[in-house]
Amino acid sequence: MPAPEVHHLFHAPIADHSFSADRSTLAVARDNNVELYHRSGNAFKLQDELRGHDKTITGVDIAPRSGRIVTCSQDRNAYVWEPSQNGEWKPTLVLLRINRAATGVRWCPNETKFAVGSGARIIAVCYFEEENDWWVSKHIKKPIRSTVTSVAWHPNSVLLAAGSTDGHARVFSSFVKGIDERPEPSVWGERLPFNTVCGEYLNPTAGWVHDVAFSPSGDALAFCSHDSSVTIVYPSGPEQPPQAVISIATQLLPFASLLWSSETELVAAGYDCGVYRLSGDANGWQLTGSLEEKEERPGMPEQREESALNMFRSMDLKGRSGGAAMDDTKLKTVHQNSINTVRSFQDSGGQTRKISTGGVDGRVVVWDV
C-alpha cells in the first residue's frame with residue numbers, strides 16, 4: 001500500500017475539510033474562517049480566505065459540480081459562497097432560523113439542497129428560492145431530543161440520516177415540493193412527505209452518535225458512537241423491523257467519523273488518531289485492521305496496553321527529559337492528535353479508492369484504501 005500523502009497546513013485544529021471535484025482546491029475550517037488552498041506540485045499553498053462568520057466554523061462542503069462552497073458556524077449562520085467574475089468569493093446568507101450553534105453541513109448529491117445540523121434539536125434543510133433570490137430552510141424537528149451531531153445524504157437526495165447526542169441515529173425524508181422529484185420506492189419507504197421518520201435506531205448504551213453514513217447503494221446505514229462501537233443497519237422495508245442490526249464493540253477510543261469505501265467495507269477514524277477498516281455484510285461485521293500497520297490487530301488490545309505500560313515504566317526508571325521527552329510524546333500514527341473528519345477523495349466504479357482525513361493536529365492526510 002502506498003504511503004499516505006501528508007499535508008501539515010498549520011498548528012491548529014481542523015474542524016472540517018473538503019476537496020473540489022478535480023482535487024486542486026482544498027477548503028479547511030480554521031477558527032472563524034475558511035482557508036482555501038490550491039495544489040502546487042505535491043503541496044497545497046494558501047490562496048484565499050472566506051471571511052464572514054464571527055464564531056468557530058463547524059462545517060464546510062464544496063459542491064462537486066457547481067463548485068459552490070457552503071459553510072456553517074457556531075454563530076448560528078450559514079453562507080453559500082460563489083466565485084464572482086473578478087475572482088472573489090461572494091457570500092449569500094442562508095435563512096437558517098435556528099437559535100443555537102450550527103454543528104455541520106453537507107450538500108445533497110444533486111446539489112439542489114443542503115442540510116445543517118444544530119444544537120437547537122433541529123435540522124435545517126436549505127434550498128434556493130428563485131422568486132426571492134435567496135436560500136431558505138425547512139425544519140426537521142420531531143422526534144429529535146438533543147443536539148444533532150452529524151448529517152448524511154442518501155444517493156436519491158431525498159432521504160437524510162442524522163446522528164444526535166440523544167443516542168439515536170435516524171433517517172428522515174427531506175422531500176421539498178417543487179425542488180425534488182418523487183424518489184423511487186426503496187427499503188426506506190415509498191410515500192415520503194417532509195419530516196417522515198423512515199428509521200430510528202438507538203445505540204445499545206445510549207452513547208452520543210458522532211457520525212452517520214449511507215452505503216453507496218443507500219440500502220444500509222452505519223453510525224459510530226461514543227461507546228467506541230460501530231452499528232450497521234440493514235432495513236427490510238417500510239414499517240417493518242430491520243433485516244439486521246449489527247453492532248461492533250471495539251477496544252479503541254471512539255470513532256468520530258466514518259465512510260463507506262464499498263458496499264462491504266467501512267473506514268473509520270477518531271480519537272484513537274489512526275484510520276481503521278471494517279468489513280462485512282448483513283451476516284456479520286468485524287474490525288479488520290489499520291490502514292497504517294498491517295500487522296496490527298485492533299481487536300486485540302493487550303499488546304497496545306503492554307507497550308504503553310513499558311513506555312511509562314521506562315520513563316519512570318530513566319527519568320527522561322528535554323529532547324528525549326519530546327520523542328516520547330510523538331505518536332506512532334500519522335496524525336498526532338484525534339481525527340475529526342473522513343472524506344472521500346477519489347471514487348471509481350462505485351468504490352472509494354482514496355480518502356482524506358483532517359485532524360486536531362492541523363494535518364490533512366490522503367490515504368489509498
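Colleague: Which side chain meets Arg 68 in a salt bridge?

Modeller: Glu 82 does, with 3.4 Å from N to O. Bear in mind that this is a predicted model.

Colleague: Where do Arg 68 and Glu 82 lie?

Modeller: Arg 68 is in the loop between β6 (57-62) and β7 (69-73), and Glu 82 is in strand β8 (residues 78-83), so the salt bridge ties together parts that are 14 residues apart in sequence.

Colleague: Is Arg 68 buried or exposed?

Modeller: Arg 68 counts as partly exposed, at 24% relative accessibility. Glu 82 is also partly exposed, at 31%.

Colleague: Other topic. How many salt bridges does the structure hold?

Modeller: Twelve. One of them joins Asp 16 and Arg 106, whose closest N and O atoms are 2.9 Å apart.

Colleague: Which parts of the chain does the Asp 16 and Arg 106 pair tie together?

Modeller: Asp 16 sits in the loop between β1 (5-8) and β2 (17-19), while Arg 106 belongs to strand β10 (residues 102-107), so parts 90 residues apart in sequence are tied together.

Colleague: And which salt bridge does Arg 343 form with that loop residue, at what N to O distance?

Modeller: Arg 343 pairs with Asp 16 at 3.7 Å, N to O. Arg 343 is in strand β26 (residues 339-348), 327 residues away from Asp 16, so to speak of distant parts of the chain is fair.

Colleague: Is Asp 16 buried or exposed?

Modeller: Buried, because its relative accessibility is 3% and the cut-off for buried is under 20%. Arg 343 is buried as well.

Colleague: Which residues are linked in a network of salt bridges?

Modeller: Asp 16, Asp 61, Arg 106 and Arg 343.

Terms used. Residues numbered from 1 in each chain as written. Predicted model: local features only at pLDDT ≥ 70, side-chain atom pairs only at ≥ 80, totals over all residues. Heavy atoms only, no water. Salt bridge = Lys/Arg side-chain N within 4 Å of Asp/Glu carboxyl O. Helix = DSSP H or I, 4+ residues; strand = E, 2+ residues; numbered from the N terminus. Buried < 20%, exposed > 50% of the residue type's maximum accessible area, 1.4 Å probe, protein only.
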